[in-house]
Amino acid sequence: MDLLHVLKTRYTTKAYDAARRIPEETVQQLLAALRYSPSSVNAQPWHFIIADDDAGKQRLAKATPDSGSLSYNRPKITQASHVVVLCARNELPESYLETVLDKEEQDGRYADAAAREGFGTARAGYVQQHLDAGDVAHWNQKQVYLAQGFLLLSAGLLGVDATPIEGFLPDVISEEFGLKEKGLTPLVIVALGYHSDKDANATCPKSRLAPESIFSKA
């Protein structure tokens, strides 16, 4: 599929066809897009909660009450085929960094022990900089939004509709899934599936600022 075409035609879906399911092969490709997303120093400071059935989606929908300012997002969660909660790690402890380092070695990223030690030391140094600045959690959250971008573009390339949702009660999600105890913060929900005929946004032309207003030459 042509990338420019996808960029021009993908959009934020407002209503889903609850009867349509994403094929499992496509779901696995979308999950791979999350797993292979880039992150600073390959820290991968994230966790993804997947709701692929009604029970799971109802658990997530608790964060968008039936009444109130967030209720408009509830049908997107309950009627989508699959829903993903993108969470950020609150910390990057030494034990976690060691786990990442072990996996990198297992995957053949290091020619020898010295190479492993060198990169491990460098990554720990970057983490320490953010510890000193007191912004490790914020640094991690920025990486999670990179993963969201990869997910949205991958969905477009695969012909899957998507909706990024920040309009939910994060404390409700945290309590429902025990995220505070796991050192995780829920940042954004992404609904995935296929739009319904009631989705007025499906026929709206895309609007973006002119190139000359957003690009300049160095």
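What follows is a walk through the predicted model, from its overall make-up to one helix pair, one cavity and one pocket.

The secondary structure of this protein amounts to nine helices and four strands, and, read from the N terminus, the elements follow one another in the order α-α-β-α-α-β-α-α-α-β-α-β-α. Measured out along the principal axes of the model, the C-alpha trace covers about 60 × 45 × 35 Å.

A useful place to begin is helix α2, residues 24-35, together with helix α7, residues 136-157, whose axes come within 8 Å of each other and cross at roughly 150 degrees. An angle over 145 degrees counts as roughly antiparallel, and α2 and α7 are therefore roughly antiparallel to each other. The crossing in which α2 passes α7 is right-handed. On the α2 side the contact is made by Leu-30, Ala-33 and Leu-34, and these meet Ala-147, Phe-150, Leu-151, Ser-154 and Ala-155 of α7. Sorted by class, the residues of this contact comprise seven nonpolar and one polar, with no charged residue among them.

Helix α2 also leads to the interior of the model, where a search of the whole structure finds one cavity of 30 Å³ or more. The largest cavity has a volume of about 60 Å³, and its lining consists of Ile-22, Val-27, Leu-30, Leu-31, Ile-50, His-82, Val-84 and Leu-192. Leu-30, which takes part in the contact with α7, is thus also one of the residues that line this cavity. Two elements, α2 and β2 (82-89), each supply at least two residues of the lining, and α2 gives the most, with three residues. By class, the lining of the cavity divides into seven nonpolar residues and one polar residue, with no charged residue.

The largest pocket, which holds about 480 Å³ of space, has a lining of 16 residues, and those nearest its centre are Arg-35, Asn-42, Gln-44, Lys-103 and Asp-107. The elements that contribute two or more residues to this lining are β1 (46-51) and α5 (94-106), with α5 giving the most, at five residues. What classes of residue make up the lining of this pocket? Six are nonpolar, five are polar and five are charged, whereas the lining of the largest cavity has no charged residues.

How values were computed
Residues numbered from 1 in each chain as written. Predicted model: local features only at pLDDT ≥ 70, side-chain atom pairs only at ≥ 80, totals over all residues. Heavy atoms only, no water. Axes fitted to C-alpha atoms, helices over the stretch in contact; angles between N-to-C directions. Parallel < 35°, antiparallel > 145°, perpendicular 65-115°, else oblique. Left-handed = near helix turned anticlockwise from the far one by under 90°. Contact = heavy atoms within 4.5 Å. Nonpolar A, V, L, I, M, F, W, Y, C, P; charged D, E, K, R; others polar. 1 Å grid on protein atoms, 1.4 Å probe; cavity = no way out; pocket = protein on both sides within 12 Å on 5 of 7 lines; lining within 4 Å. Points joined across faces, edges and corners; volume = space filled by probe spheres on them.
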